[in-house]
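This report looks at how some helices pack together and at what surrounds a ligand. Please have the sequence and the structure at hand while reading.

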Amino acid sequence: MAHRFFVTAIGTDSGKTVFSAILCEALKADYWKPIQAGLPGDTDTIRTLVSNKKSHFHEEGIKLTTPASPHAAGKKEEVEVSLQRIELPETENHLVIEGAGGVLVPLNDDENVIDIAIKFDAEVIVVSNLYLGSINHTLLTIEWLLKNQVPVRGIVFVGDPNPESQEIILKRSGLEELLHIYNEEKITKKEIKKYADRIREKI
Ligand SMILES: Nc1ncnc2c1ncn2[C@@H]1O[C@H](COP(=O)(O)OP(=O)(O)OP(=O)(O)O)[C@@H](O)[C@H]1O
Ligand SMILES: C[C@H](N)[C@H](N)CCCCCC(=O)O
Ligand SMILES: [Mg+2]
């Protein structure tokens with residue numbers, strides 16, 4: 001059966017696109033960014049990072065150029081941002097869907113980015129950066145997801161190892177660590193392939 005994953009994080013600029021590239025490479029999966037706010041778009045970045053020839057990069061659902069929360073970017077550009085306007089691309093392949101920012105980033109007055117994962121029955125993967133303060137951000141994100149019955153596949157840590165933080169997050173959440181992405185000097189196709197080899201057997 002084809003997997004459908006939704007990659008979220010505990011904030012913005014956290015490594016969702018990098019991890020999405022890794023997951024696409026590991027599964028030769030398709031990629032889709034349902035709401036893009038800001039340039040360059042993540043889909044173009046993913047194209048430069050994925051090496052396999054099977055992955056297909058679908059057109060973004062809603063494209064905004066303003067680097068802001070989708071609700072604000074939509075208002076500024078006079079574009080309607082709503083769940084109803086976002087349609088799943090057709091594919092038989094595994095699909096990696098990348099959110100925008102974190103779970104409760106608003107699309108509009110009533111809807112949030114995470115509603116996209118719920119609408120399309122995707123399993124959520126949480127990218128958790130390791131910085132002072134990240135325990136709270138990570139556990140709040142996971143608690144919200146689990147209390148709202150959103151299926152969470154696991155956690156991906158990004159950054160310098162912090163065993164105390166990682167252990168307590170895993171223990172309190174009961175979730176599995178799927179991958180640890182270290183701080184790399186540069187993110188290129190080579191690093192993406194290296195991490196794809198590590199996550200392949202876990203997913
Ligand atoms: N492990 C890493 N090592 C070094 N640089 C990284 C790593 N992970 C991410 N980066 C860099 O950090 C920046 C932000 O990462 P990325 O674009 O993946 O974040 P994002 O969560 O997708 O952001 P957005 O919310 O805008 O979609 C990028 O320039 C990326 O190359
Ligand atoms: C511009 C940025 N890179 C993302 N596309 C959107 C992030 C929205 C974050 C909103 C917030 O949580 O304050
Ligand atoms: Mg991104």
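The text below describes two helix contacts and then one ligand shell. The model is predicted.

Two packed helices are described by the angle between their axes and the distance between the axes. The table gives these values for the two pairs.

| Helix pair | Axes come within | Crossing angle |
|---|---|---|
| α1 (residues 16–27) and α7 (residues 189–199) | 8 Å | roughly 65 degrees |
| α1 and α2 (residues 42–49) | 10 Å | roughly 45 degrees |

The crossing of α1 with α7 is right-handed. On the α1 side, the contact is made by Ala21, Ile22, Leu23, Glu25 and Ala26, which meet Ile192, Lys193, Tyr195, Ala196 and Ile199 of α7. By type, the residues of this contact are 8 nonpolar and 2 charged, with no polar ones.

How do α1 and α2 lie to each other, given their crossing angle? Angles that are neither under 35 degrees, nor over 145, nor from 65 to 115 count as oblique. The axes of α1 and α2 cross at roughly 45 degrees, and the two helices are therefore oblique to each other. Their crossing is right-handed. Here Thr17, Ser20, Ala21 and Cys24 of α1 meet Asp42, Thr45, Ile46 and Leu49 of α2. The contact of α1 with α2 has 4 nonpolar, 3 polar and 1 charged residues.

Helix α1 also takes part in the surroundings of ligand 1, where it supplies the largest share of the shell, 3 residues. There are 16 residues around ligand 1, and those that come nearest are Thr12, Gly15, Lys16, Thr17 and Glu184. The shell divides into 6 nonpolar, 6 polar and 4 charged residues.

Terms used. Residues numbered from 1 in each chain as written. Chains lettered and ligands numbered in written order. Predicted model: local features only at pLDDT ≥ 70, side-chain atom pairs only at ≥ 80, totals over all residues. Axes fitted to C-alpha atoms, helices over the stretch in contact; angles between N-to-C directions. Helix = DSSP H or I, 4+ residues; strand = E, 2+ residues; numbered from the N terminus. Left-handed = near helix turned anticlockwise from the far one by under 90°. Contact = placed C-beta atoms within 7 Å. Nonpolar A, V, L, I, M, F, W, Y, C, P; charged D, E, K, R; others polar. Near = placed C-beta within 6 Å.
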